[in-house]
Amino acid sequence: GPSTPQPSRYIRFIFNRVLLELPCVRAAAVSCLTKCAVEQPILKSDILELLTRSLNDEDDEVRDRATLFCALLENFTETEVVQA
């Protein structure tokens, strides 16, 4: 998704996995959304909003990933990608 010409189109499809799938798929979708936010900083605020919805997920793994990635994205700047 993040390297396609229109990555924002895929965000909706990935987030649907967060809403509709089993916990292991939801956790992977949370990670994928985070990768999209890191590689496409213009989408960061939209993705962060979606990730905050996962903070109340019924599964521990999904909640833990959402909590970690929300904290990372809130402190993330575009220059960190260039340096890494």
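**Exercise 1. Which residue lies over the face of F13, and at what distance from the ring centre?**

Solution. The model is a predicted one.
Step 1. Start at the ring of F13: R12 lies over its face.
Step 2. Read the distance: R12 is 4.7 Å from the ring centre.
Step 3. Check the cut-off: the CZ atom of an Arg has to be within 6 Å of the ring centre. The value of 4.7 Å for R12 fits that limit.
Step 4. Turn to rings that pair with each other. The count is 1 aromatic pair.

**Exercise 2. Describe the overall make-up of the protein chain.**

Solution.
Step 1. Count the elements: the chain has 5 helices and 0 strands.
Step 2. Read them in order along the sequence. The pattern is α-α-α-α-α.
Step 3. Look at burial: 32% of the 84 residues count as buried.
Step 4. Look at contacts between residues at least 6 apart in sequence. Of these, 52% join residues at least 24 apart.

**Exercise 3. Place R26 in the structure and decide: buried or exposed?**

Solution.
Step 1. Find the element: R26 is part of helix α2, which covers residues 23–39.
Step 2. Take the relative accessible area, which is 7% for R26.
Step 3. Apply the cut-off: buried means under 20%. R26 is therefore buried.
Step 4. List the neighbours, leaving aside residues up to four places away in sequence. R26 touches R17, V18 and E21. It also touches D57, E58, D59 and V62.

**Exercise 4. Explain why C32 and C36 form no disulfide.**

Solution.
Step 1. Recall the bond: a disulfide is a covalent bond between the sulfur atoms of two cysteines.
Step 2. Recall the cut-off: the two sulfur atoms must be within 2.5 Å.
Step 3. Start from C36. Its closest cysteine sulfur is that of C32, 4.5 Å away, so the two are too far apart for a bond.
Step 4. Give the total: the count is 0 disulfides. C32 is in no disulfide, and the nearest cysteine sulfur to it is that of C36.
Step 5. Add the exposure of each. C32 is partly exposed, at 30% relative accessible area. C36 is buried, at 1%.

**Exercise 5. How do the axes of α2 and α4 lie to each other?**

Solution.
Step 1. Locate the second helix: α4 spans residues 60–74.
Step 2. Take the axes. They come within 9 Å and cross at roughly 10 degrees.
Step 3. Angles under 35 degrees count as roughly parallel. So α2 is roughly parallel to α4.
Step 4. Name the residues that meet. On the α2 side they include P23, R26, A27, V30 and T34. On the α4 side they include E61, V62, R65, A66 and F69.

**Exercise 6. Follow T52, T67 and L68 through sequence and space.**

Solution.
Step 1. Place T52: it lies in helix α3, residues 44–52. Its relative accessibility is 34%, so T52 counts as partly exposed.
Step 2. Compare T52 with A66. They are 14 residues apart in sequence and 7.0 Å apart in space, C-alpha to C-alpha.
Step 3. Move to T67, found in helix α4. At 45% relative accessibility, T67 is partly exposed. T67 and T52 are 15 residues apart in sequence, with 7.9 Å from C-alpha to C-alpha.
Step 4. Finish with L68, placed in helix α4. L68 is partly exposed, at 46%. From L68 to L55 there are 13 residues in sequence and 9.8 Å in space, C-alpha to C-alpha.

Definitions and conventions: Residues are numbered from 1 along each chain as its sequence is written. This is a predicted model: local features need pLDDT of at least 70, side-chain atom pairs count only at pLDDT 80 or more; totals for chains, interfaces and linings use all residues. Side-chain values use heavy atoms; hydrogens and water are left out. Rings of Phe, Tyr and Trp (its six-membered ring) pair if their centres lie within 6.5 Å; planes under 30 degrees apart count as stacked, over 60 as edge-to-face and the rest as tilted. A charge sits over a ring if NZ of Lys or CZ of Arg is within 6 Å of the ring centre and within 35 degrees of the ring normal. Helices (H or I, at least four residues) and strands (E, at least two) are DSSP runs, numbered from the N terminus. Buried means under 20% relative accessible area, exposed over 50%, partly exposed in between (1.4 Å probe, protein chains only). Contact means heavy atoms within 4.5 Å. Axes are lines fitted to C-alpha atoms, for helices over the stretch in contact, and angles run from 0 to 180 degrees between N-to-C directions. Angles under 35 degrees count as roughly parallel, over 145 as roughly antiparallel, 65 to 115 as roughly perpendicular and the rest as oblique.
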